[in-house]
Amino acid sequence: MLDRQAVTHALADIIDAGGSGSIVTNDRVQKVDIERGVVRITLALPNADRDEKDRIEDACFDAVMGLDGVKDVTVVTTTSQQSAQAAQGPGPPPTGNPFDDQAPIPGVKNIIAVASGKGGVGKSTVCVNLALALAKRGATVGLLDADVYGPSLHILLGIDSRPTAGKDKEIRPVEKHGLKLMSLGFLTDDSTPVIWRGPIVMGVVKKFLLDVEWGDLDYLMIDLPPGTGDAQLTLAQTVPLTGAIIVTTPSKLSLVDAEKGLRMFEQVDAPVIGIVENMSTFVCPHCGERTDIFDSDGGQKMSESTSVEILGSIPIDPAVRAGGDSGKPIVHADGNSPIAKAFFAVADKIRQRFPARVA
Ligand SMILES: Nc1ncnc2c1ncn2[C@@H]1O[C@H](COP(=O)(O)OP(=O)(O)OP(=O)(O)O)[C@@H](O)[C@H]1O
Ligand SMILES: [Mg+2]
């Protein structure tokens, strides 16, 4: 029978970070949820580095996937104790529920996260172009780069200035193309990798949410790092999210990871607004032939299997990449192009469901 005991038993041989004892005997398994064959495991690995975290997550996935009746496995890991408590979910944890600390950001109406389980699927590109599309429709939009490991929004927007401090030492975001941006990319060297453990990641994400002078915003769009970890949990526990947009390519590998990302938001009780399928069909500019480079209809299939709405499909087009590399995102550079129109269509769905302050 598929129950918590069976799952714990399957995890019992997985060696903890540091090599001594198993993750079960060392009490690393914080939570196991099972719902219609989907197993969600929350781990707290306070001393794990990235490689160990990946090894343990993969081992958990393989061990539990092998059990009878398991359709999918999601592993959410935190490397800090505090977010481990957050991951415990709505039940009352012993030291109080960290979600109780959630508070809106004054003046900010909608807070929307752009996420995926997998790297490189176009989260940042989608985030920036949706933000621009919303701004071009008249909304006031902020952008927070919460990808503290590999910030990229400052590059996508072609910004080389830095934020300034206000009179009360609050951080003033940098403005470009009508958007207000805050990113760790302003403060770090682009060629130096950032290797941070959980508590620091949590601190930076919180600071960017709460200590930046965002002013009145209709939408604060947040670009997340790939995966399901400390940045995602901190976000969910610090502010009430309007919802998350999950980005995926149509390929099977990307979809598996995207679904993990989606389940993570469900696990922390944050609503999922919908799925954006990126890098869908390529239309040859010379002959008009259509090629499904990353397969086709993956987002649609995911939408059917998860009952989450598909907000739109963005074709793959060299102009999107070129726009990102040159700091002129396609919605800004060529607002009438078919790709920009695909972004506007998604932005319009967001506006209809979550209106700006002044319609
Ligand atoms: N629809 C598209 N057509 C062509 N190129 C695209 C498209 N979407 C994204 N790209 C390109 O793919 C690359 C990865 O995109 P991006 O950085 O937005 O992904 P990401 O999911 O944010 O990655 P990471 O996980 O590293 O943060 C970039 O070079 C970007 O310009
Ligand atoms: Mg990114």
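Pairing and packing in two predicted sheets

User: In this predicted model, in which sense do strand 1 and strand 2 (residues 38–44) pair, and over how many bridges?
Analyst: Strand 1 and strand 2 (residues 38–44) are paired with each other, and one of the residue pairs involved is D33 with its bridge partner R40 in strand 2. The pairing sense is antiparallel, and the number of bridges is six.

User: Which strands stand at the edges of the open sheet with the order 1-2-3?
Analyst: This sheet has three strands and mixed pairing. An edge strand here has a single partner strand, so one side of it is left without a neighbour in the sheet, and this holds for strand 1 (29–35) and strand 3 (72–78).

User: What angle does the direction of helix 8 (residues 252–267) make with that of strand 3?
Analyst: Helix 8 packs on the three-stranded sheet, where it touches strand 2 and strand 3. Its direction, compared with that of strand 3, gives an angle of about 65°.

User: Why is one side of strand 8 (174–176) left without a neighbour in the sheet?
Analyst: The open sheet of eight strands follows the order 8-9-5-10-4-11-12-15, with mixed pairing. Strand 8 stands at an edge, as does strand 15 (310–315), and one side is left without a neighbour because each has a single partner strand.

User: Which helix packs on the sheet by touching strand 12 and strand 15?
Analyst: Strand 12 (residues 272–280) and strand 15 run parallel and are joined by five bridges, with I310 in strand 15 as the bridge partner of I275. The helix touching both strands has a direction that makes about 170° with that of strand 15, and it is helix 12 (residues 338–353).

Terms used
Residues are numbered from 1 along each chain as its sequence is written. Chains are lettered from A and ligands numbered from 1 in the order in which they are written. This is a predicted model: local features need pLDDT of at least 70, side-chain atom pairs count only at pLDDT 80 or more; totals for chains, interfaces and linings use all residues. Two strands pair if DSSP finds at least two bridges between them. Helices (H or I, at least four residues) and strands (E, at least two) are DSSP runs, numbered from the N terminus. Two residues are in contact if their C-beta atoms, placed from the backbone, lie within 7 Å. Axes are lines fitted to C-alpha atoms, for helices over the stretch in contact, and angles run from 0 to 180 degrees between N-to-C directions.
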